[in-house]
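Please read the following walk-through with the chain in view, moving from a single side chain to the pairs that join separate helices, and then to the surface and the chain as a whole.

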Amino acid sequence: MTPRRQLVVLVSADLISNLGTRISVVTIPWLVLVTTGSPTKMGLVAFAETLPYLLSSALGTPWADRIGLRRTSILCDAGSAVAMVVVALTPWLGFAPLVALVAVAGALRGIGDRVKHVMFRPYAEAAGVPLIRLTSAYDGLSRVMTLFGAAVGGLLIAAFGVTEAILIDAASFGVCALLIGILVRPPAAPTRPAQPESYLSALRGGFSYLGRDRPLLGMLAVISALNMVANASVAVYIPVWVARELHGPSGLGLVLAAFSAGALLGNLMFTALGPRLPRRLTFLVGALVAGTPRLVALAISDELPVVLVVTFLSGIGIAAVNPLLGVALYERVPPELQTRVIGIAGSLAFVGLPVGALLGGWSVDALGLTPALLTMAAACLLVTAYPLLVRTSGPKTPARPTPVTTQ
């Protein structure tokens, strides 16, 4: 199989895994609801999946380097499939085993997602695909999986029942393991440290490198802030605004869809134009457009069309941000440190999600909707303008041959 086809298989496997994760976000809480009737337990299960995902993304990567990225990916996907099969049987096992199994599945997916992302670079270079084009196309396809994953989960529950839906979810992870195990060959010359390192030494090396790279830290701070704004908006700000201004839920889906539609359009544009755009300026403009304007629109306008237009434009802005972070991680971080640094970076970027939900609810209760929106907008503006103050210097990476691109 050609390198380009192997890259397609690798990306497809990762997207199928993403789809399975989105399906489980719907099916597992529904299983808890129908078996326990407790919203509190639904929240506990969601927390039990999210926290291990964040921790394993950063803390599990030294083991992945030692085992091997491809092998780790296969083992994590196979383990996730087994865990989901057992989760489907939780009505007979009870709630505590369900929480433990979901935590195991979350931890496995955290490591599995990170190692696949590290594997993208050598396969893309072997295939002659520009990294910035790959990261942009992948970001757009991931958003499609996010959009449709929840809907697919609901349809599976309606068509087959919750147990069967979870089993189908488990099958998706099994498919990922098979695709990579059968169709994706190991890179010709996998990069490994010259001398084996202890776990703590390897982990310390990842944190130490990232701590010295101020531009990467600045980008991660921006993306974490944008994730915080996004989750606060989806979980609190937009529903409260819709209820206050529109007196009903009819506009909620429109506002959320406007951002997603803008992001998808932006991904198409950036995939085509990204290699020719100045990266630092594009990242800065995209971040500034993606966060603050949508909050200000909710704060100062009571007109749905205004909010929809601004939200749509914010979606276009976000489309450049994640791909540029991805290509910066690939190009700035030495190959032997990429698994650890990318894992830590992913955890730092995702921290904004739970923080956003908490701050969104607290700020509205404490300040009221409009002051909360303006306060969050000001904070987001300060953080997203941070790259203006950061010098582009950082740790130097070893010289690498320039990949040959195809026309």
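**A walk through the helices**

His117 counts as buried, with a relative accessibility of 16%, in a model that is predicted. The residue belongs to helix H6, which covers residues 95-127, and, once neighbours within four places in sequence are set aside, His117 is in contact with Asp14, Tyr138 and Tyr330.

Helix H6 also holds Lys116, whose side chain meets that of Asp77 in a salt bridge with an N to O distance of 2.9 Å. This pair links distant parts of the chain, given that Asp77 sits in helix H4 (residues 69-87) and Lys116 in helix H6, with their positions 39 residues apart. Lys116 has a relative accessible area of 0% and is therefore buried, and Asp77, at 3% relative accessibility, counts as buried as well.

The structure holds six salt bridges, and another of them is formed by Asp65 and Arg340, whose closest N and O atoms are 3.1 Å apart. Here the parts of the chain that are linked lie 275 residues apart, with Asp65 in helix H3 (residues 61-67) and Arg340 in helix H16 (residues 338-350). Arg340 is buried, its relative accessible area being 2%, and Asp65, with a relative accessibility of 15%, falls under the 20% limit and so counts as buried too.

A salt bridge in another setting joins the side chains of Glu331 and Arg279, with 2.5 Å from N to O. Glu331 is part of helix H15 (residues 321-332) and Arg279 is part of helix H12 (residues 279-290), so that distant parts of the chain, 52 residues apart, are linked. Are these two residues buried or partly exposed? Glu331 counts as partly exposed at 34% relative accessibility, and Arg279 is likewise partly exposed, with a relative accessible area of 37%.

From charged pairs the path leads on to aromatic ones. A pair of aromatic rings is described by the distance of the centres and the angle of the planes. The count of such pairs in this structure comes to three. In one of them, the rings of Tyr53 and Phe350 have centres 6.1 Å apart and planes at 55 degrees, so the pair is tilted. Because Tyr53 lies in helix H2 and Phe350 in helix H16, this pair ties together parts that are 297 residues apart in sequence. Tyr53 is buried, with a relative accessible area of 17%, whereas Phe350, with 28%, is partly exposed.

How are the rings of Trp63 and Tyr199 arranged? Their centres are 4.6 Å apart and their planes stand at 25 degrees, so this pair is stacked. Trp63 lies in helix H3 and Tyr199 in helix H9, and the pair links distant parts of the chain that are 136 residues apart. Both rings belong to partly exposed residues, with Trp63 at 48% relative accessibility and Tyr199 at a relative accessible area of 23%.

Charged side chains are also placed over aromatic rings. Lys41 lies over the face of Phe95, at 5.0 Å from the ring centre, and Arg294 lies over the face of Phe259, at 4.0 Å from the ring centre.

On the surface, a nonpolar patch is formed by Phe47, Leu51, Leu55, Leu59 and Phe207, which together have about 460 Å² of accessible area. Helix H2 (residues 39-59) supplies the largest share of this patch, namely four residues. Phe207 is found in helix H9, which runs over residues 199-212, and this residue is partly exposed, with a relative accessible area of 42%.

The chain as a whole forms the background to these details. The chain contains 18 helices and zero strands, and 47% of its 407 residues count as buried. Among contacts with a separation of 6 or more, 88% are between residues 24 or more positions apart. The accessible surface of the chain comes to about 18200 Å², and carbon and sulfur atoms account for 72% of that surface.

Technical notes
Residues are numbered from 1 along each chain as its sequence is written. This is a predicted model: local features need pLDDT of at least 70, side-chain atom pairs count only at pLDDT 80 or more; totals for chains, interfaces and linings use all residues. Side-chain values use heavy atoms; hydrogens and water are left out. Patches are made of residues with over 30% relative accessible area and no salt bridge: like charges are joined within 9 Å, nonpolar side chains (Val, Leu, Ile, Met, Phe, Trp, Tyr) within 5 Å. Accessible areas come from the Shrake-Rupley method with a 1.4 Å probe; for residues, only the protein chains shown count as cover. A salt bridge is a side-chain nitrogen of Lys or Arg within 4 Å of a carboxyl oxygen of Asp or Glu. Helices (H or I, at least four residues) and strands (E, at least two) are DSSP runs, numbered from the N terminus. Buried means under 20% relative accessible area, exposed over 50%, partly exposed in between (1.4 Å probe, protein chains only). Contact means heavy atoms within 4.5 Å. Rings of Phe, Tyr and Trp (its six-membered ring) pair if their centres lie within 6.5 Å; planes under 30 degrees apart count as stacked, over 60 as edge-to-face and the rest as tilted. A charge sits over a ring if NZ of Lys or CZ of Arg is within 6 Å of the ring centre and within 35 degrees of the ring normal.
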